[in-house]
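Me: I am new to this structure and would like a close look at a single part of it, the nonpolar core. Please describe the core and the residues around it in one connected answer.

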Amino acid sequence: MQRDRQHVRLSLASLDFLGTDAQLRAQAEYALRESDTRRQRTVNSGRDPTGSIAVFVDEDGQVEEVTVGPAWHSQVGVSGFADALFEAYAASTRRSTRSSTESTRRVNINSLCSR
């Protein structure tokens, strides 16, 4: 049996379908740029009162990301999860609305000062 093992040739699976090194690098750079763009757009976040769930929304109030803490089960429980998620979402959209209002005020004030 040991003789059989000596004659067995091991080979790795081909990964040619992934593309060339240059293509993989280009794809990775593109993914990083897209990730940075998304992070820049994610400007507002809100949490439920326990801090277990966080919702991140962009300037338009669209959900970009939801994070759930490891202790959510003991803090909000299964029956309270939906309410906690909604509270986090409501908090993030309130911040988004506040940010939009403040930026609109800045634009209006700046346009008045430039006259």
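Reply: What follows describes the core, then its surroundings, and then a patch on the surface.

The model is a predicted one. The protein chain contains four helices and three strands, and along the sequence these run in the pattern α-α-β-β-β-α-α. Of its 115 residues, 17% count as buried. Among the contacts with a separation of 6 or more, 44% join residues that are 24 or more positions apart.

The largest nonpolar core has six residues: Ile53, Val55, Val57, Val76, Ala84 and Ala88. Two elements each give two or more residues to this core, namely strand β2, which covers 53–57, and helix α4, which covers 77–113. Strand β2 supplies the largest share, three residues. As a general background, nonpolar side chains in soluble globular proteins tend to be buried together.

One member of the core, Ala88, shows what lies around it. Setting aside residues up to four places away in sequence, Ala88 touches Ile53, Ala54 and Val55, and also Gly46, Arg47 and Asp48. Of these, Ile53 and Val55 are themselves members of the core.

Ser92 belongs to helix α4. With a relative accessible area of 0%, Ser92 counts as buried because the cut-off for that label is under 20%. Beyond its neighbours within four places in sequence, Ser92 is in contact with Val55 and Val57, two residues of the core. The other contacts of Ser92 in that list are Asn44, Ser45 and Gly46. Gly46 is also among the residues that Ala88 touches. The side chain of Ser92 has a polar partner as well: it reaches the backbone oxygen of Tyr89 at 2.7 Å.

Asn44, one of the contacts of Ser92, sits in strand β1, residues 44–47. Asn44 has a relative accessible area of 5% and is therefore buried. The C-alpha atom of Asn44 lies 5.7 Å from that of Phe56, although the two residues are twelve residues apart along the chain.

Next comes the loop between β2 and β3, where Asp58 is found. Asp58 is another buried residue, at 3% relative accessible area. Its side chain reaches the backbone nitrogen of Gln62, at a distance of 2.9 Å.

The surface has a nonpolar group of its own. Val63, Val66, Val68, Leu85, Phe86 and Tyr89 form a patch there, with about 500 Å² of accessible area together. Strand β3, which covers 63–68, and helix α4 each give two or more residues to the patch. Helix α4 thus appears in both settings, since it also gives two or more residues to the core. Tyr89 likewise links two parts of this account: it belongs to the patch, and its backbone oxygen is reached by the side chain of Ser92.

Is Val66, a residue of strand β3, buried or exposed, or does it fall in between? Its relative accessibility is 41%, so Val66 counts as partly exposed. For the protein chain as a whole, the exposed area is about 9400 Å², and carbon and sulfur atoms supply 53% of that.

Conventions. Residues numbered from 1 in each chain as written. Predicted model: local features only at pLDDT ≥ 70, side-chain atom pairs only at ≥ 80, totals over all residues. Heavy atoms only, no water. Core = buried A, V, L, I, M, F, W, Y, C linked by side-chain atoms within 4.5 Å. Buried < 20%, exposed > 50% of the residue type's maximum accessible area, 1.4 Å probe, protein only. Contact = heavy atoms within 4.5 Å. Areas by Shrake-Rupley, 256 points an atom, 1.4 Å probe, with all protein chains shown as cover. Patch = residues over 30% accessible without salt bridge, like charges linked within 9 Å, V, L, I, M, F, W, Y side chains within 5 Å. Salt bridge = Lys/Arg side-chain N within 4 Å of Asp/Glu carboxyl O. Polar contact = N/O pair within 3.5 Å; in protein donor to acceptor, adjacent residues only side chain to side chain.
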